Amino acid sequence: MIVASEGHSHPDSGTGSPPPELVERERELALFGELLRHTATGRSGLVVLEGPVGIGKTALLRALIAEAHALELRVLQAEAADGHRLPFSTAHTLLTGLPDDDQAPPPSTPGAFAAHGLADRRPPALLCCDNDTPEVSFGVLTRLHDVVRRAAARAPLLIAVDDAHEADPASQRLLAHTARRLAGLPVLLALVCRTGADAPALAEIATLASCRVLRPRPLTGPGLVALARRLTGAEPDATFQRACLAASYGNPLLATRLIRTLYAEDLPLTGAELSTVTEQDMQAFGARVVRLLHRQAPATVDAARAMAVLGDGTAHELCARLALVDATSFDRSLSVLGALGLVNGDRPEGRWAFTHALVRRAVLDDLPDDERAAAHGRAARLLHDIGAGAADVAAHLCRSAATATQPWATTVLREAAREAMVVGAASRAVELLRPCVPDGAADDCDPGLLIELGTAEARLDPAASVRHLTAALDRTTSPDLRFTALSSLADALTRQGRVDRAVELLELCRADPATLPSGAESTRLLEAQLLMASTVDRAAFTRLLDTVPLDLRLPGDTAQERALLAARAVIAVSRMDRVAESVAAARKVTGRGGPTADDPAFLAVAASVLLYADLPHEAQDVYGQLIDGTDPLPDQTYASLLALSAEAHERLGALDSALRHTTDALRHTTVARATAQEALPLAVRLHALLDRGQLPEAADLDERVPDPARSEAWQWNEVLCARGRLRLAQKDAVRALADLRECGRRQAAWQRVNPAVSPWWYWTGRAHLALDDRRAARALAEEAVDGARSAHLPLALGAGLELWAATVDGAERATLLEEAEHVLGGTRAALLTARVKVARGRALDALGHRKAAREVLRQGWEESYALGARSLHDVAHRALLATGARPRRRVSRGLGALTRSESQVARLAADGRSNAWIAETLFVTQRTVEVHLTSVYRKLGLSGRRQLRDALESADAQGATRQV
């Protein structure tokens, strides 16, 4: 036996589709040509085409028949089907293609082949025997083979049978009888059968030494692209290959249907369009899967359904138990399903999987709704009994409403919901808990269950949350449960805009603190949570601030007091109200608290106070500690920390870190569907990309960002600011000004008037300057400078002085910029400082102070390069050239990229010296040391000081080796 083209099995699309085009079938076609030429010259041949449904067996057989006609061979062909189950019915179809003089003479016995039965196309008497006859007479087989032999004596003959596994057993015996006696006959016998078919006679044929078995492979990615070109004449895009392979699993018939569907709908051949089609146009495919399945034994159908319910990879024993079959029957069914191309299984390894998600969906969809729900309920119980995790069991319980209300099931669902809430997945928690509370049954449910459900619903469905929490409060006496319910209820009411009712709850708690677990402390925490909840709704926020005080004199001795201090301080600093007191309160919170005793979310709020007070380095220290040193955080809290940390890095000029943190914060986000939670990291990323000079990347990101006007959440204000800056970089000052003014209006509505909160006013001033409106730009600058001076906000003051300088000329400009540089000298805002230096250098050059201008410009040029701020570096480079300087070409990476100062600082740091020690030794500021080290890390690809010693020692060793 010669085996060619080994392959795997795959599902196909529905019947009625055109046959798959012949792509990547050169090997099979070449063998066909060879066999036919041999037959034409008088030799025999035997070939079996074996494979799963849809792999292209029929198309290959048709190609064989067409070539046989071209070589003028006589062709006898039949397609076995369900109607071909009477004895010799397939043989009758074959032999009726012969002329009358080639057929057998009329028999004298009932077991003979009647020539007249062939001539009038009715089944002859011989062929009308009982299909249950265990054996076919050898004499009958011999007489029918004689018919074939006589026909071959007249002309070379091709006998082609499609779906031979569907032929009646008698015809299969005849085919096997003929296959063993082909020697010396100019006959090519070609049979098509499905992999795994139960046909002993065909299996016997495949074992003959003269038989060539062809198993066509699935199409490869390039093959699918070639198929698309052949079918449509169009060129697919780069994503099509991967998407089509995933959708069709290389099955030619399914791929053909997908491609032709796209073409008929006049849709482009892209990965995105193909994915859409696979979701919307698979009814025919599913129907084909179901038809194949229902041809099998009931045990196989039950096994497939159990596997579909439990999912890929579930243990064989568990699937067998759900299917209510023994292990032996299940293994047999698994083999059958594998032969059909529906699953891939490995019994020794205990692994299996459906060949495509669409196959599993088709099997599940074939189950009636009530049977499917019952199957999921039984699956949940089986998993629960073997100790599976709550989340795995709950996934099935959610699909079985009747089972979910059973006591054991409710316990599992609550446990899984608590796990979901720990990681901030409130929507999943709601999905798990709602089946436990049927409609109209809230009054009869456990109050604790209602509180858990209402807490999860607070941010997703405030109305349902209020309903469930109110019902629970009436029946709850536990102080801990009451506080949880009150906290979530206040949150839900605030999100509904019902601030008055939320404040009433707060006043009731103040009036009777004994009903809460920690008395007055619980009331403080409740107020803190209420303040934070209000920041998602501007109207509620405004109304709440008219009701509750912002007293910052709390001692901060307890976690509840610190939470309230943080919430009050961040609001006060945003309003530029008592900034110094807000900073003191934030330092009290971060100094006395910690992630083990305090809620990380409120520690992050305290750090934001420092950020808005122009102390980004202090804020970053807290953010970093929370990110690196805290136990696993809820997803929302972790993403918010990453976004805030990225903003602090961006303000400090650490652009690589800012981009890395925004990447992490947005890792699981589809930008086009971003929510307010993702708006801040999107805004920070846009700013960082523009600082890096990556305008195309920023523009591409902005095109995918949703319209900020769709939501009043304050986070979208920052996106408007970043978008306005992008428009300005694109030389579209008019649109930039529109976005930035809208941002300013919204910031004022949110009472975020502190110039250190957002740079919208700075970029608005720049847009005015681009439109030659110096007066408007100066008004913004003066307002920012006045506010920043009074509140001691050095970064906002430095930026305001720089903007003010841009509205004047001559010595006044240089004076303002010199003051700005002096103000920023005590900060760590490296990028802002470099920007001011470049502006001052240009102002000095305009005044004719070339030498001083070069010195200042060179500093800004080096510092902007060290920070990776390419746009500012390019400006500094052009300004340096204008002064007559010839700045050297920069090496971007490696030790050769380090300046003399950077190398000196790097070696001292590698020796374990502190930044303060290095600054004092080299007579530079500590900020200069930090800038140099940041540049060193970037050029050497390091993440920090710990790796610096190894990098320098390795470089020194390599240098010594080269010298030797």
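These legends accompany close-up views of a predicted model.

**View 1. The largest cavity has a volume of about 490 Å³.**
A search of the whole structure turns up three cavities of 30 Å³ or more, and this view is set on the largest, which 25 residues line. If you would like a place to start, E650, R651, P759, W763 and R835 are the lining residues closest to its centre. Several helices give two or more residues each to this lining: helix 32 (635–652), helix 34 (676–691), helix 36 (715–729), helix 38 (760–770), helix 40 (794–805) and helix 42 (830–846). Which helix gives the most? That is helix 34, with five residues. By class, the lining of the largest cavity holds 15 nonpolar, two polar and eight charged residues.

**View 2. The second largest cavity has a volume of about 80 Å³.**
Here the lining can be read off in full: L76, L94, L95, V148, I159, L174, L175, T178 and L189. Two or more of these residues come from helix 3 (89–95), and the same holds for helix 6 (169–179). Helix 6 gives the most to this lining, with three residues. How many charged residues does the lining of the second largest cavity have? There are no charged residues in it, while eight are nonpolar and one is polar.

**View 3. Helix 28 packs with helix 30, their axes 8 Å apart.**
Helix 28 covers residues 559–574 and helix 30 covers residues 600–612. The angle between them is about 30°. Angles under 35 degrees count as roughly parallel, and therefore helix 28 and helix 30 are described as roughly parallel to each other. Their crossing is left-handed. To trace the contact on the helix 28 side, look for A563, A566, A567, A569, V570, V573 and S574. On the helix 30 side, the partners are F602, V605, A606, S608, V609 and Y612. Sorted by class, the residues of this contact are eleven nonpolar, two polar and no charged.

**View 4. Helix 13 and helix 16 pack at an angle of about 110°.**
In this view, helix 13 (residues 298–310) meets helix 16 (residues 357–366), with axes 9 Å apart. Are the two helices roughly parallel or roughly perpendicular to each other? Angles of 65 to 115 degrees count as roughly perpendicular, and helix 13 and helix 16 are therefore placed in that group. Helix 13 passes helix 16 in a left-handed crossing. Helix 13 makes the contact through A304, R305, A308, V309 and L310, and helix 16 through R360, V363, L364 and D366. Of the residues in this contact, six are nonpolar, none are polar and three are charged.

**View 5. Helix 40 and helix 41 cross at roughly 165°.**
The axes of helix 40 and helix 41 (residues 810–824) come within 8 Å. Angles over 145 degrees count as roughly antiparallel, so helix 40 and helix 41 are roughly antiparallel to each other. The crossing of this pair is left-handed. From helix 40, the contact takes in P794, L795, L797, G798, L801, E802, W804 and A805. From helix 41, it takes in R813, L816, L817, E819, A820, V823 and L824. The class count for the contact of helix 40 with helix 41 is eleven nonpolar, one polar and three charged residues. You may remember helix 40 from View 1, where it gives two or more residues to the lining of the largest cavity.

**View 6. Q751 has a positive phi although it is not a glycine.**
The phi of Q751 is about 65°. Where is Q751 found? Look in the loop between helix 37 (733–749) and helix 38. Helix 38 also features in View 1, as one of the helices that give two or more residues to the lining of the largest cavity.

**View 7. H792 has a positive phi of about 60°.**
H792 is not a glycine either. To find H792, follow the loop between helix 39 (774–791) and helix 40.

Methods
Residues are numbered from 1 along each chain as its sequence is written. This is a predicted model: local features need pLDDT of at least 70, side-chain atom pairs count only at pLDDT 80 or more; totals for chains, interfaces and linings use all residues. Side-chain values use heavy atoms; hydrogens and water are left out. On a 1 Å grid over the protein atoms alone, a cavity is a set of points where a 1.4 Å probe fits but cannot get out, and a pocket is an open set with protein on both sides within 12 Å along at least five of seven lines; lining residues have an atom within 4 Å of a point. Grid points are joined across faces, edges and corners, and a volume is the space filled by probe spheres set on the points. Helices (H or I, at least four residues) and strands (E, at least two) are DSSP runs, numbered from the N terminus. Ala, Val, Leu, Ile, Met, Phe, Trp, Tyr, Cys and Pro count as nonpolar, Asp, Glu, Lys and Arg as charged, and the others, Gly among them, as polar. Axes are lines fitted to C-alpha atoms, for helices over the stretch in contact, and angles run from 0 to 180 degrees between N-to-C directions. A crossing is left-handed if the near helix is turned anticlockwise from the far one by less than a right angle, and right-handed if clockwise. Contact means heavy atoms within 4.5 Å.
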